[in-house]
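Please open the model in your viewer and keep the sequence panel visible. The tour below proceeds by selection.

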Amino acid sequence: MQVLFRFFKFSAAAAHRYGNGLIAYAAVLSAAFIILLAAAIRLYRKNKTLAAKSNPRDTSSTNGKTEGLISLIENLNKNASFSEALGFIFKSFAPFVPYNYIGVALVKNGSSSLEASFGISDGTIKGLPEGLMNKQYNLSGTSLENILKTGTVRVINDLKSYVKGRPAKEYNNIILKAGVRSSISLPLSINDKHIGIIFFSSNQKNIYTDEHVKFLKAVASSIAISFDKNIFVNNLLYSSILALAKLAEARDGETGDHIFRIGSYCELICHLLREDSKYKDAITPEYTFNIKRFSPMHDIGKVGVRDAVLLKPGKLTEAEFEEMKQHTIYGAKVLRAAEDNILYESGRSLFGLGIEIAENHHEKWDGTGYPYGKKGEEIPLSARIVAVADVFDALTSKRPYKEPLSFDESLKIIIEGSGSHFDPEIVRVIKQNKDRLFELYNSLKTPS
Ligand SMILES: [Fe+2]
């Protein structure tokens with residue numbers, strides 16, 4: 001109740017400030033959003049308790065490591081996000097089982113496929129997780145399907161010999177090329193619900209023993225509960241964000257495709273920056289995933305701009321433009337209000353990237369943007385990426401007041417904006433990879 005009270009207090013203040021009836025509509029939707037998140041957090045706490053109760057006490061195989069194992073399981077369930085949980089496993093499982101890489105593939109499409117979703121390496125395994133990330137593999141008739149359905153732990157102690165004489169699989173080639181020589185595949189399920197498979201991999205042959213398998217079997221249910229909780233919260237968060245983002249787009253006369261296209265353009269820009277730019281260390285696979293996920297919320301604050309301004313066909317007056325600029329601040333406020341409540345409840349930050357994108361996506365590299373007139377790298381990288389994606393998609397799209405510009409004309413405008421509107425490093429990688437941008441532009445183009 002306290003969460004709702006604080007939110008409505010915020011909404012009332014916003015409504016007073018903007019004097020807009022649509023705020024009430026936005027407030028109802030936003031309140032539903034907060035309620036769902038509060039429910040997710042309650043589930044998080046419940047699962048934490050459940051996991052603590054289901055701690056396996058049969059740790060005889062761990063040779064006096066019982067206390068370490070119990071503390072490890074308790075801490076596993078304290079991790080607030082999927083990547084934090086995986087990071088914790090990578091940091092803490094080493095005394096019990098050897099590995100150089102841990103990857104997670106999650107069940108998709110009602111258990112018919114697996115998607116390589118997260119991975120973490122000590123640096124000796126090259127090209128993972130990037131080589132596998134977000135690739136989906138059909139499970140039908142594969143040994144992985146068997147592992148998942150039967151709950152069997154698979155140990156491969158010589159991957160090169162294992163793949164000989166078997167049908168060639170792309171993922172086997174990728175992990176062999178990366179340097180993996182042994183692996184344990186541990187299925188993750190809760191009762192009959194299949195979550196996915198976690199892979200512990202080593203660059204050495206013949207490294208895994210029955211002791212390692214026993215340890216992993218002991219912690220499997222705790223890993224599954226921890227991951228399931230985070231998948232649930234992530235999915236809930238994502239659908240709530242999309243509902244709000246679509247509301248903002250709908251008011252602007254958009255169909256909602258714009259926000260999805262922006263996510264795809266941002267993802268491509270992140271890949272290009274990671275391949276060759278001074279930002280490559282900042283653009284981790286997780287950062288890319290989060291920008292794709294959070295970029296659709298960049299214009300959420302438009303719910304706070306009056307129709308008379310938002311939908312005005314002609315040029316805005318100075319005062320109207322000032323009001324329009326407020327969508328950046330208003331969007332950040334809505335998300336901060338939500339984040340404050342979530343932080344209050346759980347101590348975790350969910351909206352950090354969304355807030356910086358909403359607040360800064362109209363800032364310009366030369367300091368002439370709004371709302372603050374930030375310059376260069378004062379503007380968060382995420383917002384600099386979204387700025388390019390947003391403008392490029394606006395130029396190439398049909399709007400009620402304009403026809404779309406061609407790919408070449410739009411790219412020319414982006415290139416002309418290098419160093420003034422846009423970060424020159426982002427424009428450089430786009431210019432150098434024009435063909436890849438063109439390919440994506442064609443795949444996203446709606447038939448006219
Ligand atoms: Fe905007």
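**The sheet and its edges**

Begin by selecting serine 113, whose bridge partner in S3 is asparagine 138. The model is predicted, and local features need pLDDT of at least 70, side-chain atom pairs count only at pLDDT 80 or more, while totals for chains, interfaces and linings use all residues. Residues are numbered from 1 along each chain as its sequence is written.

Next, select strand S2 (residues 113–121) together with S3; they pair in the antiparallel sense over 3 bridges. Two strands pair if DSSP finds at least two bridges between them. Helices (H or I, at least four residues) and strands (E, at least two) are DSSP runs, numbered from the N terminus.

Extend the selection to the open sheet of 6 strands, which has the order S3-S2-S1-S6-S5-S4 and antiparallel pairing. Strand S3 (136–138) and strand S4 (154–156) stand at the edges, each with a single partner strand, so one side of each is left without a neighbour in the sheet.

**A helix across the sheet**

Now add helix H4 (residues 82–92), which lies across strand S1 (101–108) and S2 and runs at about 55 degrees to S2. Angles run from 0 to 180 degrees between N-to-C directions, and axes are lines fitted to C-alpha atoms, for helices over the stretch in contact.

**A helix pair**

Finally, select helix H14 (residues 381–396) and helix H15 (residues 407–416), which pack at an angle of about 145 degrees with their axes 9 Å apart. In H14, Val388, Val391, Phe392, Leu395 and Thr396 meet Phe407, Ser410, Ile413 and Ile414 of H15; contact requires C-beta atoms, placed from the backbone, to lie within 7 Å.

How values were computed. Contact = placed C-beta atoms within 7 Å.
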